[in-house]
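Reader: Hello! Could we go through this structure together, one question at a time?

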Amino acid sequence: MKHTLTLLAALLLASLAALHAADKPEPVASDDKLAAIMSRKPSGIPLAPILDPGPEFADGKRIWQGSGSMTISPKGRIWLSWMSGGGFEGDRTEPTYVLLFTSGDGGQTFQGPVAVVKSPRGQHVQDPGLWIDPRGRLWWYYYANGGMVANIADDPQAAKPHFQPPFFVSQGFFINKPTVLADGSWLWTPHNKIPTLGFKGVTVYRSQDEGKNFSFIGSVNSKPGVEIQIGEPITVELRDGRIALFIRTVSGIRRTISADGGRTWGDFDALPGLNAVVHSRFFISRLKSGNLLLVYNRPPETPDPLATKGPLVNLRQLRERTHMTAVLSENDGATWKGGLRLDDRDSPSYLPDESPHQRIEKLTTYPDGVQTDDGSIWVSYELSRYGADGREIVLARIREADVLAGKLVSPDSRLKIRAHKLTTPRHDYIPINPQNPNDVDFTPNAVLINRLLRFEPAEQPDGIFKLQPRLGDLKGLDTELFTVRGPIHFKSQLKDGVQEITLAPPANVKLTVILPDYATGKTGPLTAGTLRDDGWRELPLTPSKPTTLFIPTR
């Protein structure tokens with residue numbers, strides 16, 4: 001009897017504890033919070049492409065281009081897409097574009113843009129991707145309005161594809177291609193940042209209905225010593241059924257493996273023996289032979305002394321985006337063979353006293369690729385997103401034998417196929433930071449992209465300025481590296497909360513300043529120039545005449 005009473009008491013206490021627990025729910029784990037957030041589609045309206053683009057999008061209206069993707073239809077039509085614009089990447093004061101080009105003659109000529117996605121002013125469209133799915137449909141996707149927007153065309157052989165209405169696939173940024181697993185499901189792995197959860201990494205989505213729906217299933221977060229700033233991940237299903245996720249990190253390419261279909265992931269591993277340390281996009285794919293192809297920037301082990309001059313540690317990584325190389329693995333990435341350099345335009349000629357910015361202008365970077373049924377491997381990449389002697393979208397057609405030999409040995413292989421080049425006079429930008437006092441000769445401690453001075457070369461074809469736009473948060477800049485090359489006077493200082501900027505463009509340079517509407521001049525409010533719809537004023541300055549502008553801090 002005593003035992004029975006004890007059992008009844010225990011049951012009663014357990015019931016009361018359960019009721020008490022129901023009154024105070026346990027906090028949801030951070031993984032569950034991330035899943036709840038990532039399972040929601042963006043709330044905006046998918047940004048649709050313009051299928052009959054006019055002269056507004058002609059080459060002469062754009063001054064930079066890069067960050068592209070490519071695919072090829074089953075019948076051989078080549079598709080290319082990349083970013084471009086009239087400002088610079090990240091500039092919300094000018095529209096940005098995602099362009100679609102095509103070739104029906106094997107890459108000899110390209111037509112386009114056959115379609116364009118234009119961002120509203122103050123917003124951004126970026127990271128286009130192209131993919132032919134197992135049903136033979138053309139996917140064209142890009143980041144806009146808070147997530148990845150996809151367009152699907154049933155006939156990728158048509159020179160003017162008919163796209164279905166655009167739709168959101170997921171949140172985040174996804175520039176590479178989905179992976180089709182052996183069971184027929186698709187993996188979609190965008191990069192995401194959720195600061196409130198301390199998440200800065202890759203989210204994993206899976207579709208089991210050929211892309212009609214994608215469900216969030218897992219994630220890969222940054223870890224101490226391995227920071228995922230941009231990610232640009234690619235997944236590959238290994239021969240044993242596990243999934244390898246290759247990620248761009250600040251320290252270079254890293255790999256993590258999942259044994260449960262992408263739900264959980266292991267530690268980050270470096271790729272052995274490859275010097276894969278550049279913080280930039282790469283491309284990896286399973287070939288028809290079963291081998292893995294990796295295309296990445298492999299700079300010399302001994303760094304260029306100019307590339308590391310001064311305290312510009314972060315910019316050193318940008319200057320190492322050179323020596324684009326293709327290698328092969330026959331054992332799922334355990335070891336790698338060969339080494340074919342796709343482009344040798346990574347050693348620019350410069351005099352010893354010239355600015356290392358020349359190095360930045362010669363970058364070969366952002367590869368993407370696809371293999372056709374005949375075994376040809378096509379790779380697309382960009383040559384210098386901003387440089388006056390670059391701004392090219394380039395293709396390579398190679399085979400595995402070329403990669404293993406380290407040189408072209410196949411009769412139909414070709415390198416440095418120019419698909420498109422911009423020849424528009426280049427604009428160079430100097431960002432101005434009103435929070436930084438006493439700037440002289442452009443030495444900011446930080447850069448804000450909403451304070452822009454735009455320089456347009458006039459009589460001299462290569463311009464006067466050799467400045468890199470949008471440097472990011474860098475401290476202790478070496479003034480010598482960023483001094484304007486030419487007889488121009490530029491001075492900026494902060495006085496009583498007002499940024500005072502004095503400019504004197506030389507006679508051979510046309511100088512246009514883009515300023516917010518609350519900027520003034522020495523004589524009072526600005527009335528000259530053109531006041532745009534967004535409240536910014538484009539103010540042409542008089543060559544050889546000093547002009548002083550005042551921008552209050554806000």
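Author: Gladly. Please keep in mind that this is a predicted model. By the distance rule used here, a Lys or Arg side-chain nitrogen within 4 Å of an Asp or Glu carboxyl oxygen, the count of salt bridges comes to 22.

Reader: Thanks! What N to O distance separates the side chains of K200 and E227 in their salt bridge?

Author: K200 belongs to strand β12, residues 199–207, while E227 sits in the loop between β13 and β14, so the pair ties together parts that are 27 residues apart in sequence. K200 is partly exposed at 25% relative accessibility, and E227 is partly exposed at 32%. Their side chains meet with an N to O distance of 2.6 Å.

Reader: Is D332, the salt-bridge partner of R239, buried or exposed?

Author: The side chains of R239 and D332 meet at 3.5 Å, N to O. R239 lies in the loop between β14 and β15 and D332 in the loop between β20 and β21, so this pair links parts that are 93 residues apart in sequence. Buried means under 20% relative accessible area. At 12%, D332 counts as buried.

Reader: Which residue forms a salt bridge with E392?

Author: E392 lies in strand β24 (residues 392–398), and its partner is in strand β25 (residues 414–421), so the pair ties together parts 26 residues apart in sequence. E392 is buried at 3% relative accessibility, whereas the partner, R418, is partly exposed at 49%. The closest N and O atoms are 3.0 Å apart, and the residue that pairs with E392 is R418.

Reader: Which residues are joined into one network by salt bridges that share partners?

Author: As a general point, side chains of opposite charge can pair when their charged atoms come close. Here, salt bridges with shared partners make one network, and its members are D374, R397, R399 and D412.

Reader: Let's move on to the strands. Which strands stand at the edges of the open sheet in the order β5-β6-β7-β8?

Author: Four strands form this sheet, with antiparallel pairing. Neighbouring strands in the sheet are turned by 30 degrees against each other on average, direction ignored. An edge strand has a single partner, so one side of it is left without a neighbour in the sheet; the two in that position are β5 (126–132) and β8 (167–170).

Reader: Which residue in β8 is the bridge partner of A150?

Author: Strand β7 covers residues 147–153, and three bridges join β7 to β8 in an antiparallel arrangement. Across this pairing, the bridge partner of A150 is F167.

Reader: Now the interior. Which element gives the largest share of the largest nonpolar core?

Author: That core has 22 residues, and those with the most contacts inside it are V98, L100, V117, L138, W140 and Y142. Two or more residues come from each of β2, β3, β4, β5, β6 and β7. The largest share is four residues, and the element that provides them is β6.

Reader: How many residues are in the second, separate core?

Author: First, a look at V117: leaving aside neighbours within four places in sequence, its contacts include L47, P49, V98, V125, W140 and Y142. The second core is separate and includes M38, W139, I194 and F199. Its size is 18 residues.

Reader: What separation do the C-alpha atoms of F101 and L80 have?

Author: F101 lies in strand β3 and is buried, with a relative accessible area of 3%. Not counting residues up to four places away in sequence, F101 touches R62, W79, L80, W82 and H420, among others. F101 and L80 are 21 residues apart along the chain, and their C-alpha atoms are separated by 5.1 Å.

Reader: How many residues of strand β19 are buried?

Author: On one side of β19, L292, L294 and Y296 are buried, and on the other side so are L293, V295 and N297. The strand is largely enclosed by the rest of the structure, because the number of its six residues that are buried is six.

Reader: Last one: which residue in β20 is the bridge partner of L294?

Author: β19 runs antiparallel to β18, with four bridges between them, and I284 stands opposite L294 there. Six bridges join β19 to β20 (residues 324–329), again antiparallel. In β20, the bridge partner of L294 is V327.

Conventions:
Residues numbered from 1 in each chain as written. Predicted model: local features only at pLDDT ≥ 70, side-chain atom pairs only at ≥ 80, totals over all residues. Heavy atoms only, no water. Pairing = 2+ DSSP bridges. Axes fitted to C-alpha atoms, helices over the stretch in contact; angles between N-to-C directions. Core = buried A, V, L, I, M, F, W, Y, C linked by side-chain atoms within 4.5 Å. Buried < 20%, exposed > 50% of the residue type's maximum accessible area, 1.4 Å probe, protein only. Contact = heavy atoms within 4.5 Å.
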